[in-house]
Amino acid sequence: MPQLDKNHNRIPQWLKRNLAPADSARNVHKALDKLQLNTVCQSALCPNRQECWASGTATFMILGDACTRNCRFCSVGHEGIRPPDPHEPEKLVEAVKSLGIKHVVITSVTRDDLEDDGAGHFARCLELLHESQEGITLEVLVPDFNGRESLIKRVLDASPDIYSHNLETVESLTPKIRSRARYDLSLQVLKTAKRHKPDIYTKSGIMVGLGESFPEIEKAMDDLRAVSCDILTIGQYLRPTLEQLPVVKYYNLDEFKIMEQGALARGFKQVVSTPLARSSYHAEKVFQHIV
Ligand code: SF4
């Protein structure tokens, strides 16, 4: 029986996963449940969850599980926005220690409702993690903080090793796909980060399959290199539920290779261009290759 997507189209062979036995991800599940921490792996229905969790890693999602924006590709919820859990930074440290994670990836929902958009909470998490373990490496995938430089700097001053902010899609599709976000503002966020802390690696990601053209993908690469972005991930958009936009195109493996070569030729230091690439996919390996 062919596997069908939510639009009843056949899912290409290269997107099917060999699911690891659920048992091997049990430790991650237990630690997250016990500490009531959220992950983007669960909230965004990431297709790599079995693989990543089985290898003992996850991407923590701080500042709650309800987002103040409503992007058309994303399955993170919006109901029940609450003040951030003041103990979340300590819980994060405990989870990281108990799982033995050496390269921690932290993202968040967007919190336009908070006075500092959640930047202080991000920074506190980074500071506590640095204090907790010598040699730990930290990667943040941040919202745009509405472009406010003081907030971008607040997070950078807490010394992440990688500062990541996703462009998500090409310029023409940004108003249709992202909520309240602007293409030029996202580029500006990455530019500000590089200018403020040139030694911190910057990273961005785009999804393909939403109706963009190849030249538009190349333009996004050029725009990211123009703000000195170091690392790029390119992955296939997969519709998480019927609430989100349908897939317009499934790219094949050769096309992902061509995008990878195009990105490397433009000077990105690391590129992950595969159908199931997500910002945090194999994040530790990518970091080890760049340093
Ligand atoms: S790719 Fe990232 S978000 Fe997806 S399961 Fe792995 S760590 Fe989680």
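Among contacts in the protein between residues at least 6 apart in sequence, what percentage join residues at least 24 apart? The share is 73%. Keep that in mind as you look through these views of a predicted model.

**Figure 1. The whole protein.** Start with the overall picture: the protein has 11 helices and 8 strands. Its radius of gyration is 18 Å, close to the 19 Å that the globule rule gives for 291 residues, so the protein is as compact as a globular protein of that length. Along the principal axes, the C-alpha atoms fill a box of roughly 45 × 45 × 40 Å. Of the 291 residues, 44% are buried.

**Figure 2. The residues around the ligand.** Here you can find the ligand surrounded by V40, C41, C46, N48, R49, C52, T57, A58, T59, R278, S280 and Y281. Two elements give two or more residues to this shell: α2 (40–43) and α3 (49–54). Sorted by character, the shell residues divide into 6 nonpolar, 4 polar and 2 charged.

**Figure 3. Helix α9 and its two sides.** This helix covers residues 214–226, which makes 13 residues. From its first C-alpha to its last, α9 reaches 18 Å, close to the 18 Å expected at 1.5 Å a residue. Which residues of α9 are buried? They are I217, A220, M221 and L224. Seen down the axis of α9, these buried residues fall within an arc of 100°, so they line one face of the helix. A handy rule helps here: an α-helix has 3.6 residues a turn, so residues three or four places apart point the same way. On the other side of α9, you will find P215, D222 and A226 exposed. The buried residues of α9 pack against β6 (201–208), β7 (231–236) and α10 (253–265). Following α9 comes S228, whose phi is positive, near 60°.

**Figure 4. G211 in its loop.** Look for G211 in the loop between β6 and α9. Is G211 buried or exposed? With 18 other C-beta atoms within 10 Å, G211 is partly exposed; a residue needs 20 or more to count as buried. Setting aside residues up to four places away in sequence, G211 touches L173 and V248. Another residue to find in this view is S172: it is 39 residues from G211 along the chain, and their C-alpha atoms are separated by 9.8 Å.

**Figure 5. M61 in strand β2.** Strand β2 spans residues 59–62, and M61 is found in it. M61 is buried, because 23 other C-beta atoms lie within 10 Å. Leaving aside neighbours within four places in sequence, which residues is M61 in contact with? They are N38, T39, V40, S43, T107, S108 and V109. One of these, V40, also belongs to the residues that surround the ligand in Figure 2. M61 and V105 are 44 residues apart along the chain, and 8.9 Å separates their C-alpha atoms.

**Figure 6. F145 and N146, side by side in a loop.** Both F145 and N146 sit in the loop between β4 and α6. β4 covers 137–141 and α6 covers 149–156. As a reminder, most residues other than glycine have a negative phi. F145 has a positive phi of about 50° although it is not a glycine, and N146 likewise has a positive phi of about 50° without being a glycine. What about their surroundings? F145 counts as buried, with 25 C-beta neighbours inside 10 Å, whereas N146 is partly exposed, with 15 other C-beta atoms within 10 Å.

Methods:
Residues are numbered from 1 along each chain as its sequence is written. This is a predicted model: local features need pLDDT of at least 70, side-chain atom pairs count only at pLDDT 80 or more; totals for chains, interfaces and linings use all residues. A residue is near a molecule or strand if its C-beta atom, placed from the backbone, lies within 6 Å of it. Helices (H or I, at least four residues) and strands (E, at least two) are DSSP runs, numbered from the N terminus. Ala, Val, Leu, Ile, Met, Phe, Trp, Tyr, Cys and Pro count as nonpolar, Asp, Glu, Lys and Arg as charged, and the others, Gly among them, as polar. The radius of gyration is taken over C-alpha atoms; the globule rule is 2.2 Å times the number of residues to the power 0.38. A residue is buried if 20 or more other C-beta atoms lie within 10 Å of its own, exposed if 12 or fewer, and partly exposed in between; C-beta atoms are placed from the backbone. Two residues are in contact if their C-beta atoms, placed from the backbone, lie within 7 Å. The expected span of a helix is 1.5 Å times one less than its number of residues. The arc is that of the directions from the helix axis to the C-beta atoms.
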